[in-house]
Amino acid sequence: MKMIKTYIFRILPIIIFTIISCNEVDSKINISISHNIINGKIKLNDTLKIKVDFLATKNFKDNDLNNLLFDLKSNNNKYELNPIDYDETTKEYHFLLDKISLGKKELIIKLNNVNKRLNFTLLNDKAPKIYNYEIINEFSRGLDSYTQGFEFYNDTLYESLGRYGKSKLVKVNFKNGKQLKEAKLSSNYFAEGITIMNDKIYQLTWKEKVGFVYDVNNFNKLKSFDYKKSIEGWGICNDGLRLYKSDGTEKIWFLNSENQKEEGFIEIYTNKNKVVGLNELEWVEGKIYANRYLFEGIAIINPSNGAIDGVINLSSLKGKVTQHENLNVINGIAYNKKRNSIFVTGKMWDKIFEIRIKEKEWTTEI
């Protein structure tokens, strides 16, 4: 028994040293990264090229390189990113980025328990196309509509009007501006965007971080819902299956249509920069059309990756309405599928403009 104890005491230091030595191999591995990212940015059609160099202790084996892994953190999700090939000549791993959404990314390069992180921003590979428009009709209305949400449903116009103490949901005769039905909000709510799907109206509020769901037929309030991840409530639209919500930043959030929970987001970018201040939203033929706060136009957004494909210049519209001291920014996009046109207006504008986009092929299907 005494001999066994003596043997254990003798080999114990060896075991401990071996364990420590193994850990030291990992801790002394130095991963050196070179890449083709310029100023922290790379574009959608570029092939990401990563060269990984290693410095290690003498116990490090070349076979350990087979354990090299690449993880990509994108929009709060992390998944394995597999290279399309490895160039033996340049010792580079090649990655395609064309199926990845735009915005801020983090590439995590892992070998055993050693990580190296590379941050970059993925931009669109094309500049937005600039569209002009033609006015088909002009419809007059009062000067006091502080438009926050604007939507056609079954060829009827619905509007969300903002400001504390004056916020309400209204059904409107767009030809003369007459309000046919209304539901007032409590004075502590500032109404924002609306969208309508399956006979339900979804309405946001600004800083209160709560939304409301109404029956489109009678305006009865069915429920309320919270949004805790996004900063504020600005604009909202839907594709027939789920909701899309802006919050004043470069993000557009995905909301589950059944419980209105925020399930993810895309970041909105051009070929140069992120785009913030996205306001009123509208779903048009598979794209998201968005007003941008303090800008006189509409951004056309690809909902699959956040790229701005085009911009509609509406800068001449504001000069066509009555000029008064409370006149505010353009805000309001409503697609009328039956008329194959877009209706636009602004906060405290006394006109609604029915327009069509020039140099764009319109169809009747969304």
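This passage describes the strands, sheets, cores and cavity of a predicted model.

The chain has 366 residues, of which 48% are buried. Its secondary structure consists of one helix and 30 strands. Among the contacts with a separation of 6 or more, 54% are between residues 24 or more positions apart.

The largest nonpolar core has 26 residues. Those that touch the most other members are Leu48, Ile50, Val52, Phe70, Leu107 and Leu122. Two or more residues each are given to this core by strand E3 (47–55), strand E4 (69–74), strand E7 (92–96), strand E8 (103–111) and strand E9 (114–123). The most come from E9, which gives five residues. A second core, separate from this one, has 20 residues, and Tyr131, Ile312, Leu317 and Trp349 are among them. As a general point, nonpolar side chains in soluble globular proteins tend to be buried together.

Strand E9 was examined further through its pairings. With E8, strand E9 forms nine bridges in the antiparallel sense, and in this pairing Lys105 stands opposite Phe120. The two strands form a hairpin with two residues between them, where Asn112 has a positive phi near 55°. With strand E2 (residues 41–43), strand E9 pairs in the parallel sense over three bridges. Here Ile42 stands opposite Leu122 of E9. Leaving out residues up to four places away in sequence, Leu122 touches Ile42, Lys43, Leu44, Leu97, Ile100, Ser101, Leu102, Gly103, Lys105 and Tyr269. Leu122 thus appears both in the pairing with E2 and among the core residues that touch the most other members.

Two open sheets were considered next. One has four strands in the order E12-E13-E14-E15, and their pairing is antiparallel. Strand E12 (147–153) and strand E15 (178–184) each have a single partner strand, so one side of each has no neighbour in the sheet. From one strand to the next the twist averages 20°. E12 is joined to strand E13 (residues 156–161) by six bridges, and the two run antiparallel. Within this pair, Thr147 stands opposite Leu161.

The other open sheet has five strands, in the order E10-E27-E26-E25-E24, and its pairing is mixed. Strand E10 (129–131) and E24 are the edge strands, each paired on one side only. Direction ignored, neighbouring strands of this sheet are turned by 25° against each other on average. E24 pairs with strand E25 (residues 287–292) in the antiparallel sense over five bridges, and Leu281 stands opposite Ala290 in E25.

Leu278 also belongs to strand E24 (residues 278–284). Its relative accessibility is 0%, and because the limit for a buried residue is under 20%, Leu278 counts as buried. Outside its neighbours within four places in sequence, Leu278 is in contact with Trp234, Ser246, Gly248, Thr249, Glu250, Ile252, Ile268, Ala290, Asn291 and Ile301. One of these contacts, Glu250, is 28 residues from Leu278 along the chain, while the C-alpha atoms of the two are separated by 6.9 Å. Another, Ala290, is the residue that stands opposite Leu281 in the pairing of E24 and E25.

Positive phi values were also found in loops. Lys91 is in the loop between strand E6 (85–87) and E7. Its phi is near 60°, a positive value in a residue other than glycine. Lys91 is partly exposed, and its relative accessible area is 39%. Asn198 is in the loop between strand E16 (191–197) and strand E17 (200–205). Although Asn198 is not a glycine, its phi is positive, at about 55°. Asn198 has a relative accessible area of 58%, which means that it is exposed, since exposed residues are those over 50%.

Empty space inside the model was examined last. Rolling a probe the size of a water molecule over the atoms shows where such space is left. A search of the whole structure gives one cavity of 30 Å³ or more. The space in the largest cavity is about 30 Å³. The residues that line the largest cavity are Arg141, Ser145, Glu159, Val172, Gly177 and Gln179. Glu159 falls within the range of strand E13 (residues 156–161), and Gln179 within that of strand E15 (178–184).

Technical notes: Residues are numbered from 1 along each chain as its sequence is written. This is a predicted model: local features need pLDDT of at least 70, side-chain atom pairs count only at pLDDT 80 or more; totals for chains, interfaces and linings use all residues. Side-chain values use heavy atoms; hydrogens and water are left out. Two strands pair if DSSP finds at least two bridges between them. Axes are lines fitted to C-alpha atoms, for helices over the stretch in contact, and angles run from 0 to 180 degrees between N-to-C directions. A nonpolar core is a set of buried Ala, Val, Leu, Ile, Met, Phe, Trp, Tyr and Cys residues joined through side-chain atoms within 4.5 Å. Buried means under 20% relative accessible area, exposed over 50%, partly exposed in between (1.4 Å probe, protein chains only). Contact means heavy atoms within 4.5 Å. On a 1 Å grid over the protein atoms alone, a cavity is a set of points where a 1.4 Å probe fits but cannot get out, and a pocket is an open set with protein on both sides within 12 Å along at least five of seven lines; lining residues have an atom within 4 Å of a point. Grid points are joined across faces, edges and corners, and a volume is the space filled by probe spheres set on the points.
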